[in-house]
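Please look over the sequence and the model before reading on. The briefing is meant for someone meeting this structure for the first time.

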Amino acid sequence: MTEFWLISAPGEKTCQQTWDKLMTATTRANNLSTNNKFNIPDLKVGTLDVLVGLSDELAKLDAFVESVVKKVAQYMADVLEDSRDKVQENLLANGVDLVTYVTRFQWDMAKYPIKQSLKNISEIVSKQVSQIDNDLKARASAYNNLKGNLQNLERKNAGSLLTRSLADIVKKEDFVLDSEYLITMLVVVPKTNYVDWQRTYETLSEMVVPRSTNLLFEDQESGLFSVTLFRKAIDDFRLKARENKFMLRDFQYNEEEMKADKEEMTRLSTDKKKQFGPLVRWLKVNFSEAFIAWIHIKALRVFVESVLRYGLPVNFQAMLLQPNKKNMKKLREVLNDLYKHLDSSAAAIIDQSAMDIPGLNLSQQEYYPYVYYKIDCNLLDFK
């Protein structure tokens with residue numbers, strides 16, 4: 001299970017008592033969850049008005065930061081292409097896997113100084129993650145263009161004989177070049193029609209050079225034949241050929257163009273390889289930054305919500321539960337029994353539709369008598 005429930009409850013005589021009570025109810029008796037204390041430092045409380053406003057802002061910021069974390073993770077999977085199984089080992093926070101980071105969470109004093117107001121800390125996060133989001137858009141756009149151009153060229157070099165590039169297939173000696181009257185045409189003939197082709201090509205129109213056809217290349221379905229005829233007979237020949245299921249390819253032998261195509265392919269392929277390493281490194285670093293920022297936002301939300309619900313002086317225990325998948329419903333019931341005295345109106349779990357912020361789909365946010373936020377470390381959406 002990569003889902004965590006981040007909750008808080010007011011300190012009893014001491015916060016340790018609150019913790020012990022939770023442990024007794026959820027693990028010692030019945031193994032409903034694995035729990036860790038979630039350490040939030042002494043943050044500056046500020047005024048009640050500010051906290052109420054901040055509570056809404058943090059909800060929006062939480063959703064935004066989570067979306068950026070997922071975008072970076074998903075793009076990492078896209079970039080790693082065939083090595084998607086390697087994605088998870090690249091999605092680290094502070095050099096450790098996400099579950100370890102979350103369960104051993106320590107506030108980063110250097111990045112988010114607790115001497116600053118809560119609003120300032122949330123603005124630092126917002127600025128930092130917006131920057132990551134913008135950088136990701138720019139880098140992804142540049143890399144995707146390169147990848148797209150390369151794929152288009154690769155597609156041109158694969159595919160059927162009717163569409164694929166012929167640069168690697170034909171040679172100079174296959175063509176009559178620089179003739180005022182004669183021209184060599186290329187014709188795609190289904191394998192089942194080879195005998196027909198050999199029998200009829202000379203008579204499809206006037207002015208076809210006898211015995212001028214050669215098979216240049218075959219794929220699974222068709223063969224590519226050359227045939228030489230007089231220029232003035234092209235249209236007539238094309239028409240008659242099509243009636244017999246022989247398709248002419250519009251192709252003019254041009255060494256310069258073919259060389260340029262090959263060079264372009266080599267250049268794009270080299271560029272892609274060159275950009276790949278730095279891009280993956282950037283994604284790793286910035287995934288870590290964004291994820292760390294996200295968990296700090298969760299910590300801020302727990303702090304703000306706990307102060308608003310349980311009052312001052314600040315006295316609550318934040319706890320991280322990793323539910324046992326089979327017992328999630330039971331765990332919810334146990335928590336409600338444990339904390340229903342905190343808020344009688346929430347004892348019957350109600351949907352707090354007041355949490356719906358216009359334009360932001362936070363789904364019906366569940367409301368419980370204790371402070372609750374979900375953290376899901378499964379960030380990849382593999383189709």
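The points below cover confidence, the sheet, the helices and the cysteines.

This is a predicted model, in which local features need pLDDT of at least 70 and side-chain atom pairs count only at pLDDT 80 or more, while totals for chains, interfaces and linings use all residues. Residues are numbered from 1 along each chain as its sequence is written, and side-chain values use heavy atoms, with hydrogens and water left out.

**Confidence**
- The protein chain has a mean pLDDT (the predictor's confidence in each residue, from 0 to 100) of 91, and 93% of its residues reach 70 or more.
- Over residues 347-364 pLDDT stays under 50.

**Sheet**
- Four strands (DSSP runs of E, at least two residues, numbered from the N terminus) form an open antiparallel sheet in the order β2-β9-β1-β12, where pairing requires at least two DSSP bridges between two strands.
- The edge strands, each pairing on one side only, are β2 (33-37) and β12 (371-376).
- Strand β1 (residues 3-10) and strand β9 (residues 316-323) run antiparallel and are joined by six bridges, with A9 standing opposite Q317 in β9.

**Helices**
- Helix α1 (residues 15-28; helices are DSSP runs of H or I, at least four residues) lies across β1, β2 and β9.
- Helix α8 (residues 255-310) packs on the sheet and touches β1, β9 and β12, contact meaning heavy atoms within 4.5 Å.

**Cysteines**
- A search of the whole structure finds zero disulfides, that is, pairs of cysteine sulfur atoms within 2.5 Å.
- C377 counts as buried because its relative accessibility is 4%, whereas C15, at 23%, counts as partly exposed; buried means under 20% relative accessible area, exposed over 50%, and partly exposed in between, with a 1.4 Å probe and protein chains only.

Conventions: Axes fitted to C-alpha atoms, helices over the stretch in contact; angles between N-to-C directions.
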